[in-house]
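Hi,

Here is the structure I promised to pass on to you. Below it I have written up what I found, starting with the charged contacts.

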Amino acid sequence: GKPLKLSLATEEIATFYAKMLDHEYTTKEIFQNNFFNDWRKEMTTKEQKIIKDLDKCDFREIHKYFVDKNEARKALSKEEKQKLKEEADKIQEEYGYCILDGHREKIGNFKTEPPGLFRGRGDHPKMGMLKRRIMPEDVVINCSKDSKIPEPPEGHKWKEVRFDNTVTWLASWTENIQNTLKYIMLNPSSKLKGEKDWQKYEVARRLKDVVHKIRAQYQADWKSKEMKNRQRAVALYFIDKLALRAGNEKEEGETADTVGCCSLRVEHIKLHRELDGQEHVVEFDFLGKDSIRYYNKVSVEKLVFKNLKLFMKNKDPGDDLFDQLNTSILNRHLQSLMDGLSAKVFRTYNASITLQEQLKALTNSEDNVAAKLLSYNRANRAVAILCNHQRSTPKTFEKSMQNLQSKIDAKKQQVEEAQQELKKAEEEFEESKDAKTGATVEKKKKLLKRLEEQLDKLNVQATDKEENKQIALGTSKLNYLDPRISIAWCKKFGVPIEKIYNKTQREKFAWAIDMADEDFEF
């Protein structure tokens, strides 16, 4: 209850916590403990003697200060906002570009990450720890020998300046929480990134020609005399059929406990000889990348089922399901089957091929653009479900759904009124048979048709919104789906490309827009 004047460093860290008060993170014990530990390390001796218990610290006043500041920024006039935008553009002009092979290219992230509290995904054991401010002394600059080397801020020097043209980053530093390297890279729209992207899809297209052979081989390996070959074959079947991630080994206590295919444990699957009218069902339940839950019940081949029983025999729940397999063994094997093949390529291949097949099955060339877009989103949704790309229902979902519903109700009313008007006009025409009334009837018919189309469009929007509320379409659209499939579809069915890709995405996929015609096949 007593105000306490904090030293500058201590106060800054207090603001990091206060800003997050209305966030779920600050209610978690791990977060609170990690924050308090790191905060105390930065306090003066005097402060350490006074501040010993986080529960006695009231951050609400600081929190309110930042909320008010935010509101004030939102309330700025159009001119003031424009001025801020111009300032940001000036910084972008000065720092946001580099010269690569003689071309001026946009940089993706030209700012270092500001200090704050580490969040992490899921139950990350390090959440709440203090992310330090990046100083010039932490930063390695990478440029060519003969270029104008960027000046460090006054009174500082770079950690190192190197001239390495075999890597694609321009600057790097090590962040203090996980000791991982962070990089400043080029924007997705740059030639360098575009070429890498194109190569990624070309490798996936090459898999199409050999995938039948690979499938035949792993099916034969289910009967292999060697246990490690059987495990590899079953894991590969999961990666191919279910688009699971490979699953690298992770250090305990360093990150949240998440797994992929190779690191699955016995506790992550249940076997059912029969379930919901299907035979040989495997029930998966585990946390994958970013602590997203993967839950799926899949009917598998009888031999796979038998092998899984064998792999689980005499093991505890915490034991590895594939104890004789890891990602490097698996990827080495895949590389021997096709140059450039890794587990990740299967995800890209299966995502893209699914989109192409679904678009063929779902698109009706007679439909209007709105209905075609619903078909496109449904095809994209099939991919997102395959790749397990989920999101939590957006906070604004209920409100925007209500708005849409009231628009639908208003439009229904207009349609009913138009129907009555038309009926009235038709009755008048029956009586008078005069040309003017006839023209009125036609006009009313056209109006009714237009209103009905508008109502259809709104209904389609509502369906789409509802089906999409817990599925993230963007991840697959940006990372797993060959953009040429979508562009060919747009050209073939007369859908404007900007209905599928926004401006940033069109810049990223410029290579594909130039390359693909309507006959492109993945």
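**Salt bridges**

By the distance rule used here, the count in this predicted model comes to 34 salt bridges. Let me walk you through a few of them.

The side chains of R215 and D240 pair up with an N to O distance of 2.6 Å. R215 sits in helix α6 (residues 191-221) and D240 in helix α7 (residues 227-242), so this salt bridge ties together parts that are 25 residues apart in sequence. The two partners fall into separate accessibility classes: R215 is partly exposed, with a relative accessible area of 23%, whereas D240 is buried, at 5%. The cut-off for buried is under 20% relative accessible area, so D240 with its 5% falls under it.

Another pair is K360 and E521, whose side chains meet in a salt bridge at 3.2 Å, N to O. K360 belongs to helix α10 (residues 343-362), while E521 lies in the segment after α17 (510-515), so here the linked parts are 161 residues apart in sequence. K360 is exposed, with a relative accessible area of 56%. Its partner E521 counts as partly exposed, at 42% relative accessibility.

D285 and R293 also form a salt bridge, with 2.9 Å from N to O. Both ends are partly exposed: D285 has a relative accessibility of 32%, and R293 has 44%.

Beyond these pairs, you may like to look at E202, R205, D482 and R484, which are linked in a network of salt bridges.

**Charged patches on the surface**

Which residues gather in a patch of positive charge on the surface? They are R273, K302, K306 and K309. Helix α8 (residues 302-312) gives the most to this positive patch, with 3 residues. K309 is in helix α8 and is partly exposed, with a relative accessible area of 44%. To belong to a patch, a residue needs over 30% relative accessible area and no salt bridge, and K309 is over that area cut-off with its 44%.

There is a negative patch as well, formed on the surface by E426, E427, E428 and E431. E428 has its place in helix α12 (residues 397-432). Its relative accessible area is 44%, so E428 counts as partly exposed.

**What the UniProt record adds**

Two features in the record may interest you; both come from an unreviewed entry, so please read them with that in mind.

The first is "coiled-coil region", which UniProt places at residues 67-94 and 401-468. In the model, residues 67-94 are 89% helix and 0% strand, and the C-alpha atoms at the two ends of the span lie 31 Å apart. For residues 401-468 the helix share is 97%, again with 0% strand, and the end C-alpha atoms lie 12 Å apart.

The other is "active site", an annotation that covers Y480. Is Y480 buried or exposed? Y480 is buried, with a relative accessible area of 8%, which places this residue under the 20% cut-off. As for its position, Y480 is found in the loop between α14 (474-479) and α15 (483-493).

**The chain as a whole**

To set these details in context, the chain has 17 helices and 11 strands. Taken along the principal axes, its C-alpha atoms fill a box of roughly 100 × 75 × 60 Å. Of the 522 residues in the chain, 39% are buried.

One last spot to look at is K41, which has its place in helix α2 (residues 29-42). K41 is exposed, with a relative accessible area of 61%. The C-alpha atoms of K41 and T10 are separated by 9.3 Å, and these two residues are 31 residues apart along the chain.

If you open the model yourself, R215 and D240 could be a good place to begin, with their salt bridge at 2.6 Å, N to O. From there you could turn to Y480, the residue covered by the "active site" annotation in UniProt, and then to the positive patch of R273, K302, K306 and K309.

Best wishes

Key:
Residues are numbered from 1 along each chain as its sequence is written. This is a predicted model: local features need pLDDT of at least 70, side-chain atom pairs count only at pLDDT 80 or more; totals for chains, interfaces and linings use all residues. Side-chain values use heavy atoms; hydrogens and water are left out. Patches are made of residues with over 30% relative accessible area and no salt bridge: like charges are joined within 9 Å, nonpolar side chains (Val, Leu, Ile, Met, Phe, Trp, Tyr) within 5 Å. Accessible areas come from the Shrake-Rupley method with a 1.4 Å probe; for residues, only the protein chains shown count as cover. A salt bridge is a side-chain nitrogen of Lys or Arg within 4 Å of a carboxyl oxygen of Asp or Glu. Lys and Arg count as positive and Asp and Glu as negative; His and the chain ends are not counted. The place of a charge is taken as NZ of Lys, CZ of Arg, CG of Asp or CD of Glu. Helices (H or I, at least four residues) and strands (E, at least two) are DSSP runs, numbered from the N terminus. Buried means under 20% relative accessible area, exposed over 50%, partly exposed in between (1.4 Å probe, protein chains only).
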